[in-house]
Structures are given as C-alpha cells and as structure tokens.
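Student: I am new to this structure and would like a close look at a single part of it, the place where protein and DNA come together. Could you take me through that part step by step?

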Amino acid sequence: MQPFTEKVVQIIRIIPPGKVMTYGQIAKLAGNPRGARQVVRILHSLSRTYGLPWHRVINAKGEVAIHDEGQSNEQMSALKQEGIEFDEYDKVDLTIYRFDPEWNDVDLI
DNA sequence: TAAATGACAAGTG
DNA sequence: CCACTTGCCATTT
C-alpha cells in the first residue's frame, strides 16, 4: 500500500465526532495536495475494513458528496446525531465544523 | 502496459 | 451564486 494511502487512513481515524474534514484537506495533510480523488477511492474501498468514520468526510463546499440517495441520507443523519447542522441547501458551515489538526504532526500519529 | 475511473478542487466568466 | 474547464493521481480494468 502507498504511504499516501496509509496516511489518509490515519488522518480520517482522528477526526473527532461533531467535526468534518474535506477531501482536499485530508489529501494535503497526507502529503499530496492534489490527491483529493484518491481520498474518495480510499473511503470507498477501505472505510469498511478499517472502520473509518467515512461520514465525517465531505467536499470543499460543505456538502455531502455522495450520489447514492440512501447513502447520503445515512451520512447526513449520522452527522446530525453528532450535533452538526445543515442549512436549507443541505450544506454544513465549514467555518464552524471543519476539523483543523493545527498541531499538525500527522507523521507522529 | 495503457486506458479509464472517480463521494474532488480551484480557477474563470 | 451557477456553469464549465482543467488539473490530478492511486487504483482498476
């Protein structure tokens, strides 16, 4: 497995309840600012086996990016249960709910 | 080994 | 704010 993939997994695992991260943000922290699409693939294929909080990962606009309706509804209710609120366009306020690791030493985790 | 894929991002008008 | 374009790159076909 690529180091990038492994880091992405590590990062997603540390997202606390009630907070979210964006694909691009995760990719950047994992060492590849252009790897947003790889994060997508990882969530798809590894979220189950690694028990990742996949529902806390959304796109840069603050929207749930799932195309499948059933799954997107599942993600939204999961986030609501953690205290995250959606506006009338089903978007979250990233200025409030975005998780910023600040102490950014992801390599140590 | 080459081509296609994707739950994206950032820029432009 | 919306529509559209371009860049992206690990994984899958």
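Tutor: Let us begin with the DNA side of this predicted model, where, of the atoms of DNA strand B within 4 Å of the protein, 43% belong to sugar or phosphate, while the rest belong to bases. On the protein side there are 16 residues around DNA strand B, and those that come nearest are Tyr23, Arg37, Arg41, Ala60 and Ala65. Sorted by character, the residues of this surface comprise eight nonpolar, six polar and two charged ones.

Several of the nearest residues can be followed down to single atoms. Arginine 37 has a polar side-chain atom 2.6 Å from a base nitrogen of DNA strand B, and arginine 41 places a side-chain N or O atom 2.7 Å from a base oxygen of that strand. Alanine 60, by contrast, uses its backbone, with an N or O atom 2.8 Å from a phosphate oxygen of DNA strand B.

If we now ask which helices the surface is built from, helix H2 (23-29) and helix H3 (36-50) each supply at least two of its residues, and the largest share, seven residues, comes from H3.

These two helices also lead us back into the protein, since H2 and H3, together with strand S1 (21-22) and strand S2 (57-58), are what the buried residues of H1 pack against. In helix H1 (residues 3-13), the buried residues are Phe4, Thr5, Val8, Val9, Ile11 and Ile12. They lie on the same side of H1 because they cover an arc of only 165° around the axis.

Technical notes
Residues are numbered from 1 along each chain as its sequence is written. Chains are lettered from A and ligands numbered from 1 in the order in which they are written. This is a predicted model: local features need pLDDT of at least 70, side-chain atom pairs count only at pLDDT 80 or more; totals for chains, interfaces and linings use all residues. Side-chain values use heavy atoms; hydrogens and water are left out. A residue is near a molecule or strand if one of its heavy atoms lies within 4 Å of it. A polar contact is a pair of N or O atoms within 3.5 Å; within protein, one must be able to donate a hydrogen and the other to accept it, and residues adjacent in sequence count only if both atoms are side-chain atoms. Helices (H or I, at least four residues) and strands (E, at least two) are DSSP runs, numbered from the N terminus. Ala, Val, Leu, Ile, Met, Phe, Trp, Tyr, Cys and Pro count as nonpolar, Asp, Glu, Lys and Arg as charged, and the others, Gly among them, as polar. Buried means under 20% relative accessible area, exposed over 50%, partly exposed in between (1.4 Å probe, protein chains only). The arc is that of the directions from the helix axis to the C-beta atoms. Contact means heavy atoms within 4.5 Å.
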